Amino acid sequence: MIKVKVPATSANLGVGYDCLGLALNEFASVEFEEIEQGLEIIGCEKAYCNEDNLIYRAFLKGLEAIHKSVSGIRITVDTKIPYARGLGSSAACIIAGLMGANAFFHNPLNKYEIFKLATQMEGHPDNVAPALFGGLCVSFMEDDTPNMIRFGVKRDLLFVTMIPNYEVSTQKAREVLPTTMTYKEAIYQMGRCTALAKAIELGNALIIRKACKDFMQEPYRKVLIPQYDEIKALCNNHDMITTYISGSGSTMISLTQDEGNAQALIKELKRNYPTWDIRLLQATYDGAKYEVK
Ligand code: HSE
């Protein structure tokens, strides 16, 4: 049996639309066990226990890439990554399936080949890169090949993670975006995106605060998160460094280096939004890993 463990991820980090993403210390575990025939999926909602399951589809894509097959497969899922909330649940499913298939047959694919297959399935590399490699990843496409370079994340950065009780579909969140931007807007965005990556590595709160002000997607997407302005104001009152939409939402994340600030904010969030799932997370350098059991 193969067990794959994949971290949650937070893409965009505000100003890095489709190119920045980091791994968080919340994980999905997926076990793959060969059975005599057919498909068994355990640990998912019933609606996902069928051949459309993303982990299974990625597993099949992995098998196809290495020209192998199995007689049947049992997939057992144990995940702390919420579905369709902007914390990389689809990237985690894809990486788990591909890595599971690869590990079954002693890893004929290297990590960059898995990265490429995963990006094909996901459509963009910003979640799959940190899900696979860990840390803060800057990624970009060259033709149909994703490239990635990894930055560190200062250890004392705390990620107050605010998960609403509703989903936002990535497809819908992409449809609300404009299709063009001016040179002036691109310059605004490029400077901030580049500075933000280095500032997160250094833990430079001043630059994180200034750089993490997105112009490219948050102003269009905030309508999909009715509490967006309220949450931003609340986080500002607690002197957080910055607050952004994680991936395409609905989760918002607020950063601090002060545990006291984080705890005070969490207390107020739990009071104001009792049905939301509020978590205090940190970045992790642990990308996806597997073990043979
Ligand atoms: N970069 C992606 C987006 C992340 O914002 O649409 C969600 O998959």
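A crossing of two helices is called right-handed if the near helix is turned clockwise from the far one by less than a right angle. The exercises below concern a predicted model.

**Exercise 1. Describe how helices H2 and H3 pack, including the handedness of their crossing.**

Solution.
Step 1. Two packed helices are described by the angle between their axes and the distance between the axes.
Step 2. For H2 and H3 the angle is about 140°, and the axes are 10 Å apart.
Step 3. An angle over 145 degrees would count as roughly antiparallel, and one from 65 to 115 as roughly perpendicular. H2 is therefore oblique to H3.
Step 4. The crossing of H2 and H3 is right-handed.
Step 5. On the H2 side, the residues that meet H3 are Ser90, Ala91, Ile94, Ile95, Leu98, Met99 and Asn102. Their partners in H3 are Ile114, Leu117, Ala118, Met121 and Glu122.
Step 6. By class, this contact of H2 with H3 comprises nine nonpolar, two polar and one charged residues.

**Exercise 2. Determine the geometry of the packing of H1 and H2, and list the residues that make the contact.**

Solution.
Step 1. Locate the elements: H2 covers residues 89-104, and H1 covers residues 54-65.
Step 2. Their axes come within 7 Å and cross at roughly 40°. Only an angle under 35 degrees counts as roughly parallel, so H1 is oblique to H2.
Step 3. The crossing in which H1 passes H2 is right-handed.
Step 4. H1 contributes Leu54, Ile55, Ala58, Phe59, Lys61, Gly62 and Leu63 to the contact. H2 contributes Ser90, Cys93, Ile94, Gly97, Leu98, Gly100, Ala101 and Phe104.
Step 5. The classes in the contact of H1 with H2 are ten nonpolar, four polar and one charged.

**Exercise 3. State how H1 and H3 are arranged, and classify the residues of their contact.**

Solution.
Step 1. H3 spans residues 111-122, and its axis comes within 11 Å of that of H1.
Step 2. The two axes cross at roughly 135°. H1 and H3 are therefore oblique to each other.
Step 3. This crossing of H1 and H3 is right-handed.
Step 4. From H1, the contact is made by Leu54, Arg57, Ala58, Lys61 and Ala65. From H3, Leu117, Gln120 and Met121 take part.
Step 5. The residues of the contact of H1 with H3 divide into five nonpolar, one polar and two charged.

**Exercise 4. Examine the backbone at His106, Asn107 and the bond from Gly249 to Ser250.**

Solution.
Step 1. Most residues other than glycine have a negative phi, and most peptide bonds are trans.
Step 2. His106 lies in the loop between H2 and H3, and its phi is near 60°, a positive value. With a relative accessible area of 71%, above the 50% cut-off, His106 is exposed.
Step 3. Asn107 is also found in the loop between H2 and H3. Although Asn107 is not a glycine, its phi is positive, at about 60°. Asn107 counts as partly exposed, with 30% relative accessibility.
Step 4. The peptide bond from Gly249 to Ser250 is cis, with omega near 10°. Ser250 belongs to the loop between strand S8 (242-245) and strand S9 (252-256).

**Exercise 5. Place Val70 and Ala264 in their surroundings.**

Solution.
Step 1. Val70 is in the loop between H1 and strand S4 (72-79).
Step 2. Leaving out residues up to four places away in sequence, Val70 touches Glu34, Phe59, Leu63 and Phe105.
Step 3. Val70 and Pro146 are 76 residues apart in sequence, and their C-alpha atoms are 29 Å apart in space.
Step 4. Ala264 is part of helix H10 (residues 259-272), and with a relative accessible area of 33% it is partly exposed.
Step 5. Between the C-alpha atoms of Ala264 and His238 there are 7.5 Å, although the residues are 26 apart along the chain.

**Exercise 6. Assess the overall form of the protein from its radius of gyration.**

Solution.
Step 1. The protein has ten helices and eleven strands.
Step 2. A compact globule of 293 residues would have a radius of gyration near 19 Å; the protein has 19 Å, which agrees.
Step 3. Along the principal axes, the C-alpha atoms fill a box of roughly 60 × 45 × 35 Å.
Step 4. Of the 293 residues, 52% count as buried.
Step 5. Among contacts between residues at least 6 apart in sequence, 74% join residues at least 24 apart.

Methods. Residues are numbered from 1 along each chain as its sequence is written. This is a predicted model: local features need pLDDT of at least 70, side-chain atom pairs count only at pLDDT 80 or more; totals for chains, interfaces and linings use all residues. Side-chain values use heavy atoms; hydrogens and water are left out. Axes are lines fitted to C-alpha atoms, for helices over the stretch in contact, and angles run from 0 to 180 degrees between N-to-C directions. Helices (H or I, at least four residues) and strands (E, at least two) are DSSP runs, numbered from the N terminus. Contact means heavy atoms within 4.5 Å. Ala, Val, Leu, Ile, Met, Phe, Trp, Tyr, Cys and Pro count as nonpolar, Asp, Glu, Lys and Arg as charged, and the others, Gly among them, as polar. The radius of gyration is taken over C-alpha atoms; the globule rule is 2.2 Å times the number of residues to the power 0.38. Buried means under 20% relative accessible area, exposed over 50%, partly exposed in between (1.4 Å probe, protein chains only).
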